Amino acid sequence: MKKKYNVLLLGLGNIAMGYDLARDDVCWTHLKAISMHINFTLISAIDPDVKKRAVFENSTGLSAYSTLQEFFCSKHPDIDLVVIATPTSQHLKNYREVKELNPSLVVMEKPLANSIEKLDILKSEMINGPNIIVNLFRLYQHGLNKKLAELNLSGYCNIQVRYSQTLLHNGIHFITLIESHFGRCLSSKKVLIDGEACFILAFKNASAVFQKSSPDLDDNSMTVQSSLGTFYYLNGGRITFFIDSVHIKTEFDQHEFNFHMLNVYDQCFKFFESKSDESLSLAISGQSTLLKCEEQDA
């Protein structure tokens, strides 16, 4: 088994490079995680924006290219892992293109596609590989998932989700978490709460209300009410605690959130060894449900 795997990064936006570029106290991007992880070696990056390429080259000392074709024509080692961190509309095209590199694995940003039609085409393209892990980083936060598993065992739960941007873009993180622990979505319906479109989703062992955050507020949060107490995952995970049935509060260690992208690459390394990961099946299931919800809201 190889000790280090070569990585090519497609896209140099916020999730690829921008969120933590000037910070040493967090690891929220692909660039930072690949650079920090002992089992991966970053080879190059692709982005049409000359300024972003310059920032990347100054930060890493590596060459960046404007297109994949330019990279193909360059001298480079074999690529084991390709990260697709481009806009959603380009995912299908990029996935088809990187097959020329014959990587063993692709890490793809969520959402996978912006329509059910394109999602179906992407599913067909995946039949012959390469394998895909979806960057649903909350699936790899151990403390968060341990608590959700515990709450699921306590009985039926009531969940409230608030999401910013669009239901598909940020709701996907929460529906995949819920399906991972409380069972696949059984039904969904649109309701109006104070004149605002919301969605009630029923799962095997929980019911969840998905409601959009206040305009211009970046707040992706989830609360889970159970017989054991209430779990609060607030402000995207920056504030996480549990209040039990006798009102005792337990705080969660924020180190796991602050370095969450490293967990994703730990999972990638495990995948090279075991070929086991459920992010893709959860992403396809969850995205299909959310796309149908968005159709109801059209």
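Which residue in β3 is the bridge partner of A45? In this predicted model, that partner is A64. Strand β2, which spans residues 40-46, pairs with β3 in the parallel sense, and two bridges connect them. These strands belong to an open sheet of six strands, arranged in the order β3-β2-β1-β4-β5-β6 with parallel pairing. The edges of the sheet are formed by β3 and β6, each of which pairs on one side only. Strands of a sheet pair through backbone hydrogen bonds, in either a parallel or an antiparallel sense.

The loop between α3 (50-60) and β3 (64-65) contains S63. The relative accessible area of S63 is 42%, and S63 is therefore classed as partly exposed, the class that lies between the limits of 20% and 50%. With residues up to four places away in sequence left out, the contacts of S63 are I43, S44, A45, F56 and E57. The C-alpha atoms of S63 and I46 lie 9.2 Å apart in space, and the two residues are separated by 17 residues in sequence.

Helix α5 covers residues 91-98, and its buried residues are H91, L92, N94, Y95 and V98. They all lie on the same side of α5, because the arc that they cover around the axis is only 165°. An α-helix has 3.6 residues a turn, so residues three or four places apart point the same way. The buried residues of α5 pack against four strands and two helices by name: the strands β1 (5-10), β4 (81-84), β5 (105-108) and β6 (131-134), and the helices α4 (68-73) and α6 (116-126). Among these packing partners, β6 is also an edge strand of the sheet.

Helix α5 also takes part in the largest pocket, where it gives the most to the lining, with four residues. The space in this pocket amounts to about 1,000 Å³. Its lining consists of 43 residues, and those nearest the centre of the pocket are N14, I15, Y19, E109 and H169. Two or more lining residues come from each of α1 (14-18), α4, α5 and α8 (167-182). Divided by class, the lining of the largest pocket comprises 20 polar, 13 nonpolar and 10 charged residues. Helix α4 thus appears in two settings, as a packing partner of the buried residues of α5 and as a contributor to the lining of the largest pocket.

Definitions and conventions: Residues numbered from 1 in each chain as written. Predicted model: local features only at pLDDT ≥ 70, side-chain atom pairs only at ≥ 80, totals over all residues. Heavy atoms only, no water. Buried < 20%, exposed > 50% of the residue type's maximum accessible area, 1.4 Å probe, protein only. Arc of directions from axis to C-beta. Contact = heavy atoms within 4.5 Å. 1 Å grid on protein atoms, 1.4 Å probe; cavity = no way out; pocket = protein on both sides within 12 Å on 5 of 7 lines; lining within 4 Å. Points joined across faces, edges and corners; volume = space filled by probe spheres on them. Nonpolar A, V, L, I, M, F, W, Y, C, P; charged D, E, K, R; others polar. Pairing = 2+ DSSP bridges.
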